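Me: I would like to work through this model slowly, one feature at a time. Could you give me the general idea of each feature before turning to the case at hand?

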Amino acid sequence: MKRIVITLLTVFSCFNYFFGQVDRCSTDKMVQQELLLNPDKQVILNQLESFTQEFVKNYNAGRIVDTTYIIPVVVHVIHLNGPERIDMVQIESAIQSMNDDFNLLNDDLIDSNGDFLPSTTTNNIDTLSIFVPQSVNGSIDWMVQNNVSVKKNDTLCVVNNNNISTAIIADATNNYFSGGIINLLYDPQSIVESGDLIAQIITTEARGFEDIVADIGIEFRLATKDPQGNCTTGVTYHESSLTLAGGENVKDDTYWDNDMYLNIWTVANVASGAAAYAYYPGSAPTNHEGILCQHDYFGTTGTSSNNNWQRHTMSHEAGHYFNLPHPWGSTNDPSLETNCDTDDSVDDTPNTIGASGCYSYESQVSCGSLDNVANIMDYTNCAYMFSKGQRARMIAALNSNSGARNNLWSSENLELTGTNDAYYFSQPYADCIPVPAFTIEGDNFGSLGQNGFSVLFKNQTYNTVQGEVSYEWSFPGATPSTSSLQSPSVTYDVSGQHDVILKVSNNNGSVELVKENYITVLEKISSPLIEDFESVDFPSNAGLDKPNWYILDEFPTETNWKKNDFASFDGNQSIRIRSKDYSEGFDNVKQIIWLPEIDCSQASEGEDFKLCFNISYAKRLPYTDLYGNSVIPDTLWIQTRRNYGIWINRPNPYNPLTTDDLVSNQNTYFNNYVPIDSTDWKEICLDFNFARGSSSLMIKFEFQGKGYLQSDTLITTNVGGEYISNNLGGNWLYIDNVRIGSLQDIENRIDVTGESDELYNYRIFDLYGREYYEEHSLKNGIYFKNGQLVFIKGEL
């Protein structure tokens, strides 16, 4: 396992750094992980390499007839209704960009006439003029052919005068020139004089490798028939929190037959930390052949960009899919001097350490020669081309049965996937039936308030490009209860959880989608609210005095809030949650539990209004960073919304309760922590005077944490020790005995141990003694806060 060394300065800054870096590609990392699990797949790769070497010999000898290879594609968009739910325009831009790169049509390398574009990185020197040096004249012998590639320091010609021969090389006074296409202005043996312009070198983005730039001859087409033969646009959408750390986990429930389609998955974040990855033919886990890409590296528009890295990322991964390594070999580690000892098994790509620079000549030289920095399989930001040797290797993969690459472009498969010319260029979408999908604007959790909970639905129906679509919505518990609008708005006037049904139809058929318990309208109770978690069916409670709580399940694969009878402060049950087993790749797992809506308008005047609860928590690891803070990144955010305003975190608008704030038992429990008695608990009480008199108070507890990391992490502690692990997850956090109300209404539930932590009394008064409950709405000025004079910079 790769080891990453981090010296923790603060928990948050270091983890932002750790998760903020995006590598270009993790193909070799993923392949090596699969080989560790299934070593027999190395035999497949070895057989493929032997086949490739023999095929390339025959291909280069002209014994194999070339053709255009059509590849059926399906794109699976894994999303949570965020920006990662990319649209058809962006998807089509990705397919177009791949086709441009694989057919030498990319407009950042070739112009509309098929000529190479001048380089943009040669300090505006599009053409390098070659003159005969001073005091030199005679007949010219060219060492290069006309209109061929030359590189810096190549000998272009020799000027002979009697017994004196003068060599003229390709060079420039600036340090940006590395190569280009030469145009000879004199015939061989012509007489030239000092100062004569004898040649011009057109500098292009191929940088001296123009002669090996290849048209691969592969065309990618979105499938128009699914595996069952039904009409499709070649795109599917799947709503899942797995998109937040997408990898092999998103494939099992979404893939189409790998032998028939190139499967592409797009996600919000790639779990491996890379922008994308693929598998070499035959090396993927079962049913997992294909490419997985972060949405903002997919295509040239939408959430992605037309810059060099992003527009060519998918072509880079498709190169891997067709058995191309990186130019320095099969590793994810460019720029290592030891890479000069490895190779990519492609004859015309020079040996390189990888990821060289794009500007100065010196930055493009490694392993004793000029690097092909313009190669799409490198990691540079000036990648534009594939080489002829790479074409031969990819064509070999397409003729191999490894990973069924040879079946993809077979005439039978093209007919089955609707990508053959006769079908693809007719009316392939005429029989498509729309697939219903929808989301809402804003939260699907709300309260009745004064006028009900209003929700605007956003239609996301797909799989149709022509013809009219009709919509039949059903909203139990809402007004109106039905609609035929494309994106209707309704108001819920009944609390509880409600299904939403959408049926979409066209002339070809109809499909119905039911989202169960999709809308939650919180029950309302007057303060005080007292919850002891003793209900057998919690979070469902029986009776008006015990309204339901709701647990949001945005991370269904991860540990969430749950009642338990292992420990409690009072009674037999409590709720608990733990981050220890949170999956690798998630930046932050967020698990939310909602309290009922609370009417605080009748709260007693003059009495402190509190939120109090008992917690029990112990650290799973004893290590602290250089500032003495726990390395465990568990946090508890208590968020409130008063009278349907904005959400604000309590007790501090900007900071949560951290691991150190939550600890009630100072001992370390490496495995399963269970509190034994009341001494393992403590009480936290927060000042909620801001809510007194409010007709609506909404509260949610949001637990955030990380579990397994992508690699082992070396932590240097504040006492000089070292801890190496790939898990920084925390232990069980227990919560019991939640009370919200005036002190006199909840005081009989106050911690009997007398060890209440009266934390964070953030009451704010101006100099006239007037109390303010929302710091963000204050004007600039001097205030009393926590009993001290402070300057608060508020709204201007």
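Me: At what angle do H4 and H5 pack, and how far apart are their axes?

Reply: Bear in mind that this is a predicted model. For a helix pair, the axes are lines fitted to C-alpha atoms, and the angle is taken between N-to-C directions. Here H4 and H5 pack at an angle of about 65°, with their axes 9 Å apart, and their crossing is right-handed.

Me: Which residues of H4 and H5 meet where the two helices pack?

Reply: From H4 come Ser97, Met98, Asp101 and Phe102, and these meet Arg311, His312, Met314, Ser315, Ala318 and Gly319 in H5.

Me: How many residues of H4 are buried, and what do the buried ones pack against?

Reply: A residue is called buried when its relative accessible area is under 20%. By that criterion H4 is mostly covered, with eleven of its 15 residues buried, among them Ile91, Ala94, Ile95 and the four that meet H5, Ser97, Met98, Asp101 and Phe102. Besides helix H5 (308–321), the buried residues of H4 pack against helix H6 (388–398) and against strands S2 (69–79), S11 (218–222) and S12 (235–239).

Me: What span should H4 have, and what is found at its two ends?

Reply: The expected span is 1.5 Å times one less than the number of residues, so the 15 residues of H4 (residues 88–102) should span 21 Å, and the end C-alpha atoms are indeed 21 Å apart, which agrees. At the N-terminal end, aspartate 87 acts as a cap, with a side-chain oxygen 3.2 Å from the backbone nitrogen of valine 89, while H4 is followed by leucine 104, whose phi is positive, near 55°.

Me: Turning to the sheets, in what order do the strands of the open four-stranded sheet lie, and why do S18 and S22 have one side without a neighbour?

Reply: The order is S18-S20-S24-S22, with antiparallel pairing. Strand S18 (438–440) and strand S22 (478–479) stand at the edges and have a single partner strand each, so one side of each lacks a neighbour in the sheet. Inside this order, S20 (residues 453–459) and S24 (residues 489–492) run antiparallel and are joined by four bridges, with valine 455 opposite valine 490 in S24.

Me: Which strands pair with S32, and is S32 mostly covered or mostly exposed?

Reply: S32 (residues 589–594) is mostly covered, with five of its six residues buried. Three bridges join it to S29 (residues 550–552) in the antiparallel sense, where tyrosine 550 stands opposite tryptophan 594. S32 also pairs antiparallel with S39 (residues 697–705), over six bridges, and there isoleucine 593 stands opposite phenylalanine 701.

Conventions
Residues are numbered from 1 along each chain as its sequence is written. This is a predicted model: local features need pLDDT of at least 70, side-chain atom pairs count only at pLDDT 80 or more; totals for chains, interfaces and linings use all residues. Side-chain values use heavy atoms; hydrogens and water are left out. Buried means under 20% relative accessible area, exposed over 50%, partly exposed in between (1.4 Å probe, protein chains only). Contact means heavy atoms within 4.5 Å. A polar contact is a pair of N or O atoms within 3.5 Å; within protein, one must be able to donate a hydrogen and the other to accept it, and residues adjacent in sequence count only if both atoms are side-chain atoms. Two strands pair if DSSP finds at least two bridges between them. Axes are lines fitted to C-alpha atoms, for helices over the stretch in contact, and angles run from 0 to 180 degrees between N-to-C directions. A crossing is left-handed if the near helix is turned anticlockwise from the far one by less than a right angle, and right-handed if clockwise.
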